[in-house]
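Reader: I have the model open. Can you walk me through reading its strands and helices?
Author: Gladly. Let's take it piece by piece.

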Amino acid sequence: MLIFEEHFQDNRCSWVTRDSSECSLYMEVGHYVFDHKREGDAYWLSWNSAEFFYDRTDFHIHMVLEKAAGVDDHGYGFIWGLLDDRNFFEFVISGNACYRIAEVKNGSFVNYTDWKRCDRIQRGHAVNLLEICRVGNFVEFYINSTLVDKFPAEKLMDVPGRNFGFVIHDKIKMKVHSLMVSAPDTEKDLSEVNLEVYDSRYETKATFVEHEPPDDDSLELVFADLKALVGHERTKHQLFSLANYLKVQTERQKRGLKTVDISLHLMLYGPPGTGKTTIARLVGRLYKQLGFLERGHVVETDRAGIVSGYIGQTALRVENAVQQALDGVLFIDEAHALAPEDSPNDYGKEALQILIKRMEDHRDRLAVVIAGYTEEMDRLLESNPGFKSRLHRLFYLDHYTPQELLLIFKKFCHDNGYTLDPSANIILQATFELAYVNRDKNFGNGRFARALFERSIEQQANRIVHDLHKLDNSQLTLITAEDLSVNL
């Protein structure tokens, strides 16, 4: 449940604004700018009042900060439990990739973590995601979705005051892009009902298609449907091998033998139109029948479904998609779009950071299947080692051959009650061979076959519509060479 959200589109929450020789604080569309102009061993604070999370046993604070200018060897970050400018807690990072967690008592610093190196911090002028999570009796600290420290809550939640905000040490300019606080639904009261309605906005909800496995499904049916797929013999072999591996690990567990740590996440990569969505659905069914996922459903989304217009809202969308996919598969099509080559600070980067963490948090209840084009997916993996390390299985789907494209076309005919005249069969074979020879990275494969089928039955309808009363059923369902000529 979202209990506080700030994307700084205006100053409705009354953050301090000022401009002096020492410090400037002001709003720009999409972020709060905090420019500390003093050099030396000094800090500057900007805070707001809050009563909404200190007494909770579980909460999640999520913020996106950007260091826009200034020194690299001093900290900037988040404060909480603030009574005044001499009594508060802080979680700060620096441009030279260190962080500190400390309490300030009457102006003196008591360090819980004293400037510790962290390779997850984006150095210099960069965007970083900080999170503080209370889970029962402990408070956890994350940097770019990686757990860096954990302390007893009794130390960090025994606060002198209840304000929260931001701090800068030394001459640094910071932009705060978003700040959100959420908590589990189990801790709600009547005053929070309206906030749940607020959280149901389009901007914070993922968009996706949900696909459920058949009610009468079985492992035998999964294998039969896998074998019935046109082409992809190597991928079929890999999936059968994966099934055997999971069966053996399950049996070893039943017998009390040691088992290998199992990751269900995988990647499908290759040219467009090669059936990645179909295979993702089969994977969900397979995992369910083998007992690794309770539902085996597939939540199908893409960049547009989980990336929002503001940093921070993207995190909520990813969380929403993950929650919908628990006990099943989260399938992200064209996942390479989350890390565009020409936009290093793109919001998709935040989606990846959150996704990586949830892949680990829910590894027993979630299978993430990502799909995309070959070269672009290779670039995605190289750009994010954390993502790459969680994808242990890569399945390459090659272009369909001309003969396989013909089989796909014939399957469309069979599924829709049409038959092929021998003359049409010859035309199709030649069409697919020519298209295959001239294919490029954008060749549609199965989509090309589908488009050809749909255009052919439309042309067939134009050919026979004036003589419907004269035709028998076989003529009404027959596709001839004439129906394909307009597609060449």
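Reader: In which sense do β17 and β20 pair, and over how many bridges?
Author: This is a predicted model, so read every feature as part of a prediction. Strand β17 covers residues 266–269 and strand β20 covers residues 366–372. They pair in the parallel sense, over four bridges. For a landmark, take Leu266: Val369 of β20 stands opposite.

Reader: What order do the strands of the open sheet follow?
Author: Read across the sheet, not along the chain. The order is β16-β18-β19-β20-β17-β21. That makes an open sheet of six strands, and its pairing is mixed.

Reader: Which strands stand at the edges?
Author: β16 (209–211) and β21 (393–396) do. Each has a single partner strand, so one side of each has no neighbour in the sheet. From one strand to the next, the twist averages 20°.

Reader: Which helix lies across β16, β17, β18, β19 and β20?
Author: Helix α5, residues 276–289. Within that group, β18 spans 298–301 and β19 spans 328–332. Relative to β17, α5 runs at about 155°.

Reader: Now helices against helices. What describes two packed helices?
Author: Two values: the angle between the axes and the distance between them. Try helix α3 (residues 219–228) with helix α4 (residues 233–254). They pack at an angle of about 160°, and their axes are 10 Å apart.

Reader: Why are α3 and α4 roughly antiparallel?
Author: Use the cut-off: angles over 145 degrees count as roughly antiparallel. The angle for α3 and α4 is about 160°, so the two helices are roughly antiparallel to each other. Their crossing is left-handed.

Reader: Which residues make the contact?
Author: From α3, Leu219, Phe223, Leu226 and Lys227. From α4, Lys236, Leu239, Phe240, Ala243 and Lys247. Sort the contact of α3 with α4 by class: six residues are nonpolar, three are charged and none is polar.

Reader: Back to strands. How many residues lie between β2 and β3 in their hairpin?
Author: Three. Strand β2 (residues 18–19) and strand β3 (residues 23–28) run antiparallel, joined by two bridges. Asp19 stands opposite Ser24 in β3.

Reader: How many bridges pair β3 with β4?
Author: Six, in the antiparallel sense. Strand β4 covers residues 31–36. Check Tyr26: its bridge partner in β4 is Val33.

Reader: Which residue takes a positive phi in the hairpin of β3 and β4?
Author: Gly30, with phi near 100°. That hairpin has two residues between its strands.

Definitions and conventions:
Residues are numbered from 1 along each chain as its sequence is written. This is a predicted model: local features need pLDDT of at least 70, side-chain atom pairs count only at pLDDT 80 or more; totals for chains, interfaces and linings use all residues. Side-chain values use heavy atoms; hydrogens and water are left out. Two strands pair if DSSP finds at least two bridges between them. Axes are lines fitted to C-alpha atoms, for helices over the stretch in contact, and angles run from 0 to 180 degrees between N-to-C directions. Angles under 35 degrees count as roughly parallel, over 145 as roughly antiparallel, 65 to 115 as roughly perpendicular and the rest as oblique. A crossing is left-handed if the near helix is turned anticlockwise from the far one by less than a right angle, and right-handed if clockwise. Contact means heavy atoms within 4.5 Å. Ala, Val, Leu, Ile, Met, Phe, Trp, Tyr, Cys and Pro count as nonpolar, Asp, Glu, Lys and Arg as charged, and the others, Gly among them, as polar.
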